[in-house]
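This briefing looks at two topics in turn, a pocket and a metal site. Please view the sequence and the structure together while reading it.

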Amino acid sequence: MLFKTIMKEKFDFHTHSAASDGSLSPRNLVKKAKEEGLEIIAITDHDTIAGVREAVEAGKEFGVTVIAGVEISIDFEPGTMHLCGYFLDIENQQLNNALRYIQQARLDRNPQIIDKLNQAGIDITMGEVQEAAQGKQIGRPHMAKVMLAKNYVKDIKEAFTKYLAKEAPCYVDKRRLTLEKEVSIIKNANGIAVLAHPGEMPFETNEEYKKLIADIKETGVQGLESYSSHHTQEENVMFKQLADQAGLFSTGGSDFHGKTKPDVELGVFAESSDIEMNALMEKMKQSTKLKENG
Ligand code: AMP
Ligand code: ZN
Ligand code: FE
Ligand code: FE
């Protein structure tokens with residue numbers, strides 16, 4: 001954890017379940033949120049909404065507000081751009097079609113990565129990776145998990161830096177959709193689009209980020225995940241200011257994955273954040289309402 005003092009919030013807008021590469025089932029994710037005193041969480045699995053229904057049901061069971069969300073990888077060069085969608089209508093046809101397209105891209109990519117790993121001398125099969133993912137959507141962390149179990153690496157991180165990360169030798173890119181397309185899909189599903197962990201993007205200066213934020217606002221992105229466990233507290237403060245200046249709202253999220261990322265805790269993403277949870281919820285709901293009327 002990057003922060004000197006740890007502030008645990010009562011909300012978390014960025015969490016993963018075993019529907020993608022988190023270690024907890026959607027129900028157990030919500031149960032844990034309740035046990036740790038959180039009142040609101042968004043479930044934001046990579047490229048899938050398969051865990052949403054179970055999480056929402058568990059929310060009713062445990063008394064936690066669960067926001068139907070997703071985290072989608074966007075076609076962006078160079079580097080990484082992730083977009084979160086919130087308050088989604090999970091029955092929406094266009095959304096489901098887009099996610100199917102992205103999932104197919106994953107299915108095409110996985111055996112190519114396995115091939116490269118085999119060529120690098122690592123004995124790993126699709127079957128082992130499928131087992132690690134328990135039949136759910138496969139991501140690179142599942143491959144890392146198998147490599148760790150077979151003692152090829154000392155931890156998940158090493159599997160990425162040595163083999164699986166974007167700059168590493170066994171990386172294979174996957175087809176993605178553009179930001180414009182994804183934003184329109186999220187909006188069509190009555191959702192709100194928020195740029196996830198902007199600090200992960202390959203920009204340095206305030207000016208570069210100002211430009212990025214102006215550009216994404218143009219496409220219809222309404223919020224910034226200003227507070228993130230991926231950021232230093234200085235970055236958190238900078239992104240909050242930039243979001244305020246641009247008229248985007250700020251969310252906060254831990255990017256919790258359970259055991260997949262053992263050093264990330266639910267509700268922990270800032271030394272201190274000035275997000276007022278209920279006001280943020282109101283603002284987000286207002287955005288969906290405004291859109292419905294306009
Ligand atoms: P994939 O869905 O296959 O693209 O894998 C994405 C997942 O890999 C996300 O959960 C990331 O947090 C994780 N990941 C990406 N890069 C790294 C890294 N360098 N170290 C550890 N995990 C990573
Ligand atoms: Zn993940
Ligand atoms: Fe992400
Ligand atoms: Fe994430």
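**Pocket lining and zinc site**

The lining of the second largest pocket is made up, by class, of six nonpolar, two polar and four charged residues. The model is a predicted one, and the points below take up that pocket before turning to the zinc ion (ligand 2).

**The second largest pocket**

- The space in the second largest pocket amounts to about 150 Å³.
- Among the residues that line the second largest pocket are D75, F76 and M81, together with T178, L179 and E180, and the lining also includes F203, K211, L212, D215, I216 and T219.
- Two helices, α7 (179–188) and α8 (206–219), each contribute at least two residues to this lining, and the largest share, five residues, is supplied by α8.

**The zinc ion (ligand 2)**

- Coordination of the zinc ion (ligand 2) comes from D21, which is listed twice through OD, and from H46 and H257, each through NE2, at 1.8 to 2.6 Å.
- Along the chain, the donors of the zinc ion (ligand 2) are spaced as D-x24-H-x210-H.
- D21 sits in the loop between β2 (11–15) and α1 (26–35), while H46 sits in the loop between β3 (40–43) and α2 (52–62), so the pair ties together parts that are 25 residues apart in sequence.
- Both D21 and H46 are buried.
- The zinc ion (ligand 2) and the iron ion (ligand 4) are separated by 4.6 Å.

Methods:
Residues numbered from 1 in each chain as written. Chains lettered and ligands numbered in written order. Predicted model: local features only at pLDDT ≥ 70, side-chain atom pairs only at ≥ 80, totals over all residues. Heavy atoms only, no water. Donors = N, O, S within 2.8 Å, 3.2 Å for Na, K, Ca; no water. Helix = DSSP H or I, 4+ residues; strand = E, 2+ residues; numbered from the N terminus. Buried < 20%, exposed > 50% of the residue type's maximum accessible area, 1.4 Å probe, protein only. 1 Å grid on protein atoms, 1.4 Å probe; cavity = no way out; pocket = protein on both sides within 12 Å on 5 of 7 lines; lining within 4 Å. Points joined across faces, edges and corners; volume = space filled by probe spheres on them. Nonpolar A, V, L, I, M, F, W, Y, C, P; charged D, E, K, R; others polar.
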